[in-house]
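I opened this entry to keep track of what I looked up, in the order I looked it up. Surface and overall form come before the details.

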Amino acid sequence: MKGRLRKWLACAGAAVLAGSFGCGGGAHSADKKFKIFLSMSYIGNDWQAEAANMVKAMAAHKDFADKVDLQVQVAGPNAQRQIQQINAMVQQGARAIIVYPISPTALNNAVKNACDKGVMIIAYDAQITEPCAYNVSIDQEEAGRVTAEWLAKKLNGKGDIVMITGVPGTSVDTLRTKAAKEVFAKYPDIKIDAEAVGMWSQAVARTELSKILATRNWDQIDGLWMQVGCYTANTMQIEAGKKPDQLKPCAGEGSNGGRIQMLPAGTEVEGANATYAPMGAPRISYASPPYAGGYALKLAVEKLEGKDVPKRITLPLPLVTNDTIKYCKEGSWAEMKEGCNAFPPALVPNPGWFASIYSPETPEIGLQAALVGQPEP
């Protein structure tokens with residue numbers, strides 16, 4: 001009896017310190033939650049930060065907050081470090097690991113070890129080739145192919161182009177770049193005049209374009225294929241004295257700055273400023289949707305609760321052209337459902353932020369999730 005009393009008093013004291021009123025055996029006590037880890041690799045760009053926000057927002061949503069204990073770790077662009085972290089997560093009692101893999105193959109042994117211990121591994125955006133892993137992403141080859149075909153046609157099959165690629169070693173970068181080059185190879189009059197690694201960062205894209213422009217000028221470039229950087233390329237052209245109607249066609253990412261630039265010049269946009277403004281920039285805009293990680297977490301919970309989840313989920317490829325760009329006035333869920341795909345700078349001050357955040361599969365996360373990690377009500 002005394003032992004049970006001491007246990008109750010200790011538990012009650014811990015509950016007070018934690019600001020909680022439940023202790024032991026409660027349906028939603030901490031030890032009843034699924035321990036889920038988010039394993040991130042390279043985080044030095046807007047997309048990764050936004051995707052992490054959407055994972056955290058999904059975990060915080062009222063449908064999951066009592067089910068998920070989410071913990072986040074960052075490995076950087078270091079496969080060995082990510083392997084070590086995954087192994088440690090398994091030892092710490094992970095039930096599932098949501099992972100952005102730095103390599104499609106380097107993690108396979110660690111992933112297989114985790115699966116053998118009953119841990120669900122689900123990758124988002126970039127892929128893992130170990131058969132026990134689950135994968136959620138767009139078709140990255142389709143992304144590279146469709147955007148390259150758009151640029152080739154825009155240039156009537158000839159011209160000098162610049163390619164800015166992504167994070168080396170990831171399946172995303174490898175597949176997109178391979179598919180795009182295969183398209184350009186079909187056009188003997190299209191020449192890849194310069195190529196650089198952009199790390200999916202607007203800042204790195206500016207640095208690499210500046211190096212390229214040290215030996216040539218904008219008049220010697222006919223078009224650009226950029227995994228990230230079209231917003232920056234357009235900005236640099238304006239800074240160099242080009243008019244909006246002189247901008248080079250750019251096939252690239254779904255950043256909000258680039259999307260706003262695609263709107264017809266003169267479009268009324270709340271908060272527009274400098275080059276973060278409508279200018280009718282000739283573009284095709286695509287994206288790996290940042291909601292992929294949040295969706296992966298939702299699927300992991302469903303699997304842990306006993307539901308069937310496909311091993312491979314291919315997300316729709318968000319493609320926006322000058323003909324399909326549509327301005328969101330408020331960024332509400334209902335408005336996004338109606339097809340808007342570019343947000344007011346007044347709501348999204350960072351032009352590098354990615355605008356492809358809507359999915360009918362993830363009503364739990366919307367604009368505030370992508371911006372600050374807050375779920376929908």
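I started with the surface. The accessible surface of the chain comes to about 16,200 Å². Carbon and sulfur atoms hold 52% of that area. I keep in mind that this is a predicted model.

Next, burial. Of the 377 residues in the chain, 55% are buried.

Then overall form. I count 12 helices and 12 strands in the secondary structure of the chain. The radius of gyration is 23 Å, and the globule rule gives 21 Å for 377 residues, so the chain is as compact as a globular protein of that length. Along the principal axes, the C-alpha trace spans about 85 × 45 × 35 Å.

I also checked contacts. I took those between residues at least 6 apart in sequence; 71% of them join residues at least 24 apart.

Helix α8 was my next stop. How many of the 10 residues of α8 are buried? Eight are, so helix α8 (residues 230-239) is largely enclosed by the rest of the structure. I listed the buried ones: C230, Y231, T232, A233, N234, T235, M236 and Q237. What do they pack against? I find two helices named there, α7 (202-213) and α9 (256-262), along with the strands β8 (223-226), β9 (250-253) and β10 (283-286). Just after α8, I noted G241 with a positive phi of about 105°.

Aromatic pairs came next. My search of the whole structure returned seven. In one of them, the rings of W47 and Y100 have centres 5.8 Å apart and planes at 65°. The cut-off for edge-to-face is over 60 degrees, so W47 and Y100 form an edge-to-face pair. W47 lies in helix α2 (residues 46-60), and Y100 in the loop between β3 (96-99) and α4 (108-116). The two are 53 residues apart, so I log this as a pair linking distant parts of the chain. Are W47 and Y100 buried or exposed? Both are buried.

I then looked at W333 and Y358. Their rings sit 4.9 Å centre to centre with 50° between the planes, a tilted pair. W333 is in helix α11 (residues 333-337) and Y358 in the loop between α11 and α12 (367-372), so the pair ties together parts 25 residues apart in sequence. Y358 counts as partly exposed, at 26% relative accessibility.

Back to W47 and Y100: ring pairs link them with Y124 and W200 into a cluster.

Last, a charge over a ring. The charged end of K311 sits over the ring of Y134, 5.2 Å from its centre.

Terms used: Residues numbered from 1 in each chain as written. Predicted model: local features only at pLDDT ≥ 70, side-chain atom pairs only at ≥ 80, totals over all residues. Heavy atoms only, no water. Phe/Tyr/Trp six-rings, centres within 6.5 Å; stacked < 30°, edge-to-face > 60°. Helix = DSSP H or I, 4+ residues; strand = E, 2+ residues; numbered from the N terminus. Buried < 20%, exposed > 50% of the residue type's maximum accessible area, 1.4 Å probe, protein only. Lys NZ or Arg CZ within 6 Å of the ring centre and 35° of its normal. Contact = heavy atoms within 4.5 Å. Rg over C-alpha atoms; globule rule 2.2 N^0.38 Å. Areas by Shrake-Rupley, 256 points an atom, 1.4 Å probe, with all protein chains shown as cover.
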